[in-house]
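Hello,

Here is the structure I said I would pass on. My notes on it follow below.

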Amino acid sequence: MLGLKLATDPRWATIAEENLEEILTDHAWCEQKAATNAITIITLNSEHTDLVTDLTVLAQEELQHFQMVHEIIKKRGYKLGRERKDSYVNELFKYKIKGGSGSRKEGLVRRLLFSAMIEARSCERFKLLSEKIKDPELSKFYRELMISEAGHYTTFIGFARKYGKNIDVDKQWEDLLKFEGELIQNYGKNETIHG
């Protein structure tokens, strides 16, 4: 379903589990950034009522996920650390804006595909954590979030196709998948969601 070109090395889950405070902090900030991204798309494309409606719900879910991760952090006696830079997302964003002079519609489609990619990789990572992590509470938690991320991925892809009339959305998606498959080879070595 996700079409990712390269699966995460399962050893990444072990790296993540060795420093739960760090992975949880990074995860919390990923959820906050996802909520902010959805709000930004709404702000820039408020004329699309269905998009505003669905992304409002999505942004609320992402903020709810932030809260859920923060509750786990507090329950375990950890502290929510400072926001982390996400090099993976930053590199994807640079790819997104490459050739960025185009219509608003093209910009919207690129932003939606960028968002779908992040959700797809997060979904894949959450699935891996749910299967490999030894902590039963976190295993269940990441399984539930994996399902939610898959829904978010579908939302973004669906809107890209809907609003990408006269744009070869499938080709853009395939190009992005190819780029991401090369990019992700540099990651999977740190206790961060995309690292």
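**Notes on the model**

The charged end of Arg125 is placed over the ring of Trp12, at 4.6 Å from the ring centre. Please keep in mind throughout that this is a predicted model.

**Core**

The largest nonpolar core contains 60 residues, and Leu24 and Trp173 are those with the most contacts inside it. At least two residues of this core come from each of α1 (11-18), α2 (20-44), α3 (49-75), α4 (87-97), α5, α6 and α7 (169-183). The largest share is that of α5, with 13 residues. Leaving aside residues up to four places away in sequence, Leu24 touches Val69, Ile72, Ile73, Arg76, Tyr78, Leu138 and Tyr142.

**Helix α5**

How many of the 29 residues of α5 are buried? The count is 22, so this helix is largely enclosed by the rest of the structure. Its length is as expected: at 1.5 Å a residue, the 29 residues of α5 should span 42 Å, and the end C-alpha atoms are 42 Å apart, which agrees.

Ala116 is placed in helix α5. Its relative accessibility is 0%, so Ala116 counts as buried. Not counting residues up to four places away in sequence, Ala116 touches Tyr153, Phe156, Ile157 and Trp173. Asp54 is 62 residues from Ala116 along the chain, and the C-alpha atoms of the two are separated by 14 Å.

**Helix α3**

The buried residues in α3 are Leu51, Leu55, Leu58, Ala59, Glu62, His65, Phe66, Val69, Ile72 and Ile73. Three of these, Val69, Ile72 and Ile73, are also among the residues that Leu24 touches. The cover over the buried residues of α3 includes α2, α5 and α6. The span of α3 agrees with expectation too: its 27 residues should cover 39 Å at 1.5 Å a residue, and its end C-alpha atoms are 39 Å apart. After α3 comes Gly77, which has a positive phi, near 80°.

**Aromatic pairs**

The count of aromatic pairs comes to 8. One of them joins Phe141 and Tyr142: the ring centres are 5.3 Å apart and the planes are at 65°, so the pair is edge-to-face. Phe141 and Tyr142 are both buried. Another pair, Tyr153 with Trp173, is tilted, with 6.0 Å from centre to centre and 50° between the planes. Tyr153 lies in helix α6 and Trp173 in helix α7, so this pair ties together parts that are 20 residues apart in sequence. Tyr153 and Trp173 are both buried, and both are touched by Ala116. Ring pairs also link Phe126, Phe141 and Tyr142 into a cluster.

**Cysteines**

Why does the structure hold 0 disulfides? The sulfur of Cys30 has its closest cysteine sulfur in Cys123, 14 Å away, which is too far for a bond because a disulfide needs the two sulfur atoms within 2.5 Å. The same distance applies from the other side, since the cysteine sulfur closest to that of Cys123 is in Cys30, at 14 Å. Cys30 counts as buried at 14% relative accessibility, and Cys123 counts as buried at 7%.

**Loops**

Two loop residues are worth a look. Lys134 is found in the loop between α5 (104-132) and α6 (136-163). Is Lys134 buried or exposed? With a relative accessible area of 69%, Lys134 is exposed. Lys134 is 49 residues from Leu183 in sequence, and the two are 28 Å apart in space, C-alpha to C-alpha.

Asn166 lies in the loop between α6 and α7. Most residues other than glycine have a negative phi. Asn166 has a positive phi, near 65°, and is a residue other than glycine. Asn166 is exposed, with a relative accessible area of 81%.

Regards

Conventions
Residues numbered from 1 in each chain as written. Predicted model: local features only at pLDDT ≥ 70, side-chain atom pairs only at ≥ 80, totals over all residues. Heavy atoms only, no water. Helix = DSSP H or I, 4+ residues; strand = E, 2+ residues; numbered from the N terminus. Buried < 20%, exposed > 50% of the residue type's maximum accessible area, 1.4 Å probe, protein only. Core = buried A, V, L, I, M, F, W, Y, C linked by side-chain atoms within 4.5 Å. Contact = heavy atoms within 4.5 Å. Expected span 1.5 Å × (residues − 1). Phe/Tyr/Trp six-rings, centres within 6.5 Å; stacked < 30°, edge-to-face > 60°. Lys NZ or Arg CZ within 6 Å of the ring centre and 35° of its normal.
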